[in-house]
Every structure is written in structure tokens, then in C-alpha cells.
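Visitor: I would like to learn how to read a model like this one with due care. Where should we begin?

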Amino acid sequence: MAITPDSATGLPAARGLKAAPAPPAIDTASILSTLNSKEPRSRTVTPASSERGGRASFSSVTENSEGVLQSFTASKISSLLRYQLLAPDSQEERAAETAIEVSPSESPARDVSPERALKGEEEGKMLPLTNPHSMLHGFVCPCDGFRGWKSISVGGRVASKSFSDLRAMGLRWEWNSTPIEGQRVKKEKLGPLPGRSYLESLPMELLGSIIDQLATDLPPNGFTARNIDLMALLLTSRSMHSATLATLYNQITIPHSRVFRKFLIHITDHPALGTIVRRLDFSHFNPTGAGQTARERAQTQNLIPATLLQCLNLTPNLREFLAQEHIDDDLSSDVIRKLLCDLPKLKGLDFCACSSTCFRDSFISVLTAGPSPIPDLLPIKRLSFHECTILPSSIYGSLIPRLAHLTHLDVAHTRFTDSALLSVPNTAALTHLNLSKCSLLSGSLVVKFLSTHPAAKNLVYLNLAMDAKSHEMLSSEDITAILPILPSALKSLNLKGSRMNSSHIPLLLPLTKHLEELGLGRHLELKDLLKLFIPDQESTIEEQMAWEAHTLRYIDISDLSATQLDVGTLFGTSCPMLKNITQPFEVMELSTEVFKKLEKSTAMLKRVGWCIREAGRRYWLVRDSEGEVKDTGGRSWKWGANYWGMRKIPVARADVGGMYGLYMFKR
């Protein structure tokens, strides 16, 4: 029986065999030339997705995890701006491009001739003529009685391959063949049915925890859509859709008013979605819009007191409400009353820097109404009035006694008084307390509260910093009384602005064995600081042998002048302060005077292995440990922050960003 090569497939055809319908001819040479071509193809220019740590919003300060510690990214770009640079290619162009395009992860296309591919060179395997994922492979359909092409001479060479050889090459020419007697037939395992994959069969709690990892706390830049991974999961299957909805609507971040309007429409049309919401986050809210004037924004009425109240009515299970100064005019008396009286599951409430007269009048009208609509016991555990300078002292005296389960209290730079501090319920269990810049507080009362009040026995974060230029709350005697009574659970202590001296160093030593952050007061010197990190050379041998290593990673010495810090000695070879012997110490906050001197000495800083960082009005000297395994600084007591020296207490676990990042690390 004579056999001749078939013109369509390039493979031999048997005379007398039932021929299958001829598939479309494949121009192998043109495909290979396309693979080897270096001419650029027209593509849609789509901006790359930014990393999670680099996403930012209006007046946003985020932690830059790619650099050394205390590296921050500040941005005022609105996340409203979103456009595509070029029109997308047609579907036909995309399909043609995908068919023969080599994946970027693979090696570049090599010059492979058809003869070389048929010979099966390069490790005995035939190289594919097209993309391995392409459907452009040739198609062969054998007729009845076909016995294979083994050892068939074509053009004087044995170039044909049997069915088993073709399968070993990884090609897609497969058909049902009669097994040889005695040959073991492998049975292919059938996968799960649609909608019953292993992932979809997981318990909803476990599946939800996995999907939660795809959620983003920070809004992206102006080009990338938010939560694109979650949006893709919504279209996967019914079970994935229901599990993804819980993650998508659990924590709502509002970067601008149009997003708020869109969200409000969704939960109005589908009230069940509103019951999923647990957090409303306005910390990234951008009041400017995309080129809109104040009058245009007022006319749209996307975010006004009425729509905000409507949103709160549709989210009955809300647990965290995070506001900031850019929405304080929208916090009407009805909104305040709703937050305090009608949300029984609310645990976290943040009014960071809200200082408008409208906000003040709303609070006063709610708390002074008769009879009072506020219940005697509020469910709120975490409360922040950080930089709410306009609220009167009576507000705190009326609100604080109702917080029987309080754990986080931030009243920095407010009119918080002694009587308000003593009104903290005995049933409260404070872990985070920020009393910085409270000029109406007295040092003796603070000492009494920390030493006798049951709510202050388990503090982890305590900020008593003051601006020494305007007010001094803690005297030298107050410091002497406070240091011995502080709890062993304390991780962060800030005594900036207090009156300290060398006699306080022995009292600080026991605290350095569990503290990670320490802010020091005035009138100390470099020799006093050294005693916190290494044993005193003047002490006895027994005392030096009994020395226990410190746990400090950050100290704030911004109250020390360049003369007190003695910069020349600090960077000298005889001073161990900046050497590896003081690790894990890695961040030192400096004054403006010291920073200006050091920024001109980059060579000296590089020689000792340190660098300088700045953000706003704050400056740090940071250990530059290149090539070493770095501690990111993330701790559970920081509630989402990674870097050291935060000055605002977070009331919700989230990545640092937006206006909250500004008040944490830039002021």
C-alpha cells in the first residue's frame, strides 16, 4: 500500500483509508516568523496595579514598607480620577495576539525550524510550533484500521511518530485507542462538579477568612479600580459570590462623595447588603472631588447630613465609625444622636480633628437635651476625640461615665479635665490612653489616677507628652512618683516635655526590659541615655553580670538640644550608642536643631550605618540594616501600624493611611 504525504497536514496519508475532513491548513513558517519577530505589537496601555503599601488618598500619609523604617509616602491625589490612556484593542486583535504570543514568564522565542522540531531535537522532545496554550495545533483523525506511523519513511528519513510518541511530546493529538493486551490503562480522575470545587466546599467561616486577605484598607491611586480581585470573585460562582459579598461590604472606605452616593444607592436598593456593613471609614475622604468647586459639590448633595443619616439607618449592625475633620460639618445632631443612641453594636468611634462649630453645637444639643436621649450605658469600647479642640469640657464629663467597657481613649489636645479623667468607670479596662497636650490636666491628678484607678492597671500604650514651650504637666516629683507604679504590660510610654534628670534613669531601667517605645523629657544628657542600653562602667562586677538586655526599639529625645546630645561624641568611635551592641534599638527621634546638623553629614551617617528620615515636623535617625532580616515593626498593640512613634490611638485595625496617618506620624 503506497503512502504519500498529505498536502494539508504535512503528514503521510494511507491510500484506501477513510479520510477525515481536512482541517484548515497551518502556515508553519509564518507562525515561526511571528514568534521570532521583534516588531512591537499594539497594546492597550493599562497602568499597573500599585502595591498595597503604596496606595494613597487625599492628604494621605502611608507607611512605605519598601524602604527603611520611618519611610512614609504623602499624597494629595484624589482616587476619583480614573481613565484609560488608550482605547482597547478589538477582540479579534486580542484573540490573534493571544494565540501565538509567548508568555512573559517564559524564555524568549528561539529560532526553531520545522525540520528541527520534527526531528525532536533538544533533549529528545519536539518543540511546539505555537504557544503551548494555543488551539492552533494540527488535528489528526485516524480512520478504522489505522495501525500508526511507526517507522514510516518519508523523504528518505524516518520522521513519523507513533501515538505514544506524540503523547510523550505533550501535543494534543489524542483519540481512543484499543489498549494492547497486558498493558495497564491509566484511568483519568474526574474533577469535582461545577460549583463543588474543593475551595467552594470549605466552611463559610474559613472561606471568608481567605477572601478577606484580598480586601484593601487603603484606596488605590487615581488609575486603579478598588477591590478588583473581589469584583472578579463575584462572577466565579454562586457560593463564591455570597462569600465575597460579606468581605466586600464588611468594611466600607469612602474616599470621596461619589463613592458614598454609589454605596448609598446599593444598600437602598438592596437593604440586606446594609446589614453586612461593620465599618464606615471616612479617614481617606477627599472633600475636593475631581475639579469641582465648592458650589458644585454642594449642589450634588452626595454627602450631606441627611444622606449620612440615611446611611446609618440602613447599617444597623455598624461597629466602627471613623470620621475626620473633612466631614465634621455633616455630623449633625441627628447623626450624633444616631451614633450614640441607636446603634447598639457600635464599638469604635473616632472624631479625629473634628473642630467645626456645627460639630460642637450638634454634640452640645444632644448631651444637654432634656430628658437625655443617651442611655446610661453605652456599648462603645474605643473612643477618640484626637485634636477636637473646640468641644467644651462638659462634653467629656457627661459622656465618659457612660463608657463602662472603655479600652481605648484618645483625648489628645482637647479640653479634657481632672474631673473627666476621674469619671472613667471602675469597670473600664484601659489598654490605650492618650492624654498628650491636655493643658487642663494636673500632674498630681494624673499620678493619682495611674496609681489608684482600677481601669489603669493593664495599660499597653500611655502618652503623657506635652509641648514644653507652652505647658508642663509633669514635674520632676511627678515623674519620680509615676515610674515605679507603671504596669509591666506597658509597651509604649511617652513622657516628652516633662522635667527629668539623671536621678530618673535608675527608675527607668526596669521599664526598659519590657518597653519598646520610650519618649524622654528635658534636661538629660548623652551619658544618661547610654545607661539605658549598656551596663554602667562604674557599677560593680556583680551588677554588670546581672545586667538584663533591654527591649527598646525607639526613643524620642526631641527635647534634647544639640549641646545636650553632644553630636560629636555620639558619632565618635568611643560611643557605643549607634553600634550593634545596642540592638534591637533602631529609631531615634530628634529635634529640628539636631536634624539640620545631621542632614549635612550624610557621609558620616553612612559610615556608622544610620540614615535620617523626616515626615512633616518630625525627624528620625534610623538604623540602616541592609541585607539583614528586618523586623517590620508590626505589633498587635499598634492596631495596624508598623512604624514607631505613633501619636494617635487607632480605634480600628487597619493599615495606616489618609488623615489618620497624618496625625499619627507627621504631627
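Guide: Let us begin with confidence, since this is a predicted model. Over residues 1-23 the pLDDT stays under 50, and for this stretch the model has 33 contacts beyond four places in sequence. The pLDDT is also below 50 over residues 78-130, a stretch with 86 contacts in the model beyond near neighbours in sequence.

Visitor: How should such stretches be read, and what is the mean pLDDT of the protein?

Guide: Where pLDDT is low, the predicted coordinates should not be read in detail. The mean pLDDT of the protein is 79, with 70% of its residues reaching 70 or more.

Visitor: How many helices and strands does the protein have, and what share of its residues counts as buried?

Guide: The secondary structure comes to 25 helices and 20 strands, and of the 667 residues 46% count as buried. As for how the chain comes together, one takes the contacts between residues at least 6 apart in sequence, of which 71% join residues at least 24 apart.

Visitor: Which residues have the most contacts inside the largest nonpolar core?

Guide: That core has 126 residues, and those with the most contacts inside it are F321, F351, F363, F416 and M577. Helix α16, residues 443-452, gives the most to this core, contributing five residues. Apart from it lies another core, of 18 residues, including Y554, A641, I649 and F665.

Visitor: What does F363 touch, if residues up to four places away in sequence are not counted?

Guide: With those neighbours set aside, F363 touches I336, L340, F351, F385, L391, I395 and L399. F363 also takes part in a helix contact, which is made by S333, I336, R337 and L340 of α12 together with F359, S362, F363, S365 and V366 of α13.

Visitor: How do the axes of α12 and α13 cross?

Guide: For a pair of helices, one reads the approach of the axes, then the angle, then the handedness. The axes of α12 (residues 333-341) and α13 (residues 357-367) come within 8 Å and cross at roughly 55°, and α12 and α13 are therefore oblique to each other. The crossing in which α12 passes α13 is right-handed.

Visitor: Is the crossing in which α8 passes α11 left-handed or right-handed?

Guide: α8 passes α11 in a left-handed crossing. The axes of α8 (residues 257-269) and α11 (residues 305-313) come within 10 Å and cross at roughly 40°, so that these two helices are also oblique to each other. On the α8 side the contact is made by F260, R261, F263, L264, I267 and T268, and on the α11 side by T307, L308, Q310 and C311.

Visitor: Turning to loops, where is P287 found, and which residue is 26 residues apart in sequence from A429 and 4.7 Å apart in space?

Guide: For a loop residue, it helps to read its place, its accessibility and its partners in turn. P287 is found in the loop between β8 (279-281) and α10 (294-300), and at 22% relative accessibility P287 counts as partly exposed. The C-alpha atoms of P287 and H256 are separated by 6.5 Å, although these residues are 31 residues apart along the chain.

Guide: A429 lies in the loop between α15 (418-422) and β13 (432-434), and A429 is partly exposed, with a relative accessible area of 40%. The residue you asked about is A455, with the 4.7 Å taken from C-alpha to C-alpha. Leaving out residues up to four places away in sequence, A429 touches L406, T407 and A455.

Notes: Residues are numbered from 1 along each chain as its sequence is written. This is a predicted model: local features need pLDDT of at least 70, side-chain atom pairs count only at pLDDT 80 or more; totals for chains, interfaces and linings use all residues. Side-chain values use heavy atoms; hydrogens and water are left out. A nonpolar core is a set of buried Ala, Val, Leu, Ile, Met, Phe, Trp, Tyr and Cys residues joined through side-chain atoms within 4.5 Å. Buried means under 20% relative accessible area, exposed over 50%, partly exposed in between (1.4 Å probe, protein chains only). Helices (H or I, at least four residues) and strands (E, at least two) are DSSP runs, numbered from the N terminus. Contact means heavy atoms within 4.5 Å. pLDDT is the predictor's confidence in each residue, from 0 to 100. Axes are lines fitted to C-alpha atoms, for helices over the stretch in contact, and angles run from 0 to 180 degrees between N-to-C directions. Angles under 35 degrees count as roughly parallel, over 145 as roughly antiparallel, 65 to 115 as roughly perpendicular and the rest as oblique. A crossing is left-handed if the near helix is turned anticlockwise from the far one by less than a right angle, and right-handed if clockwise.
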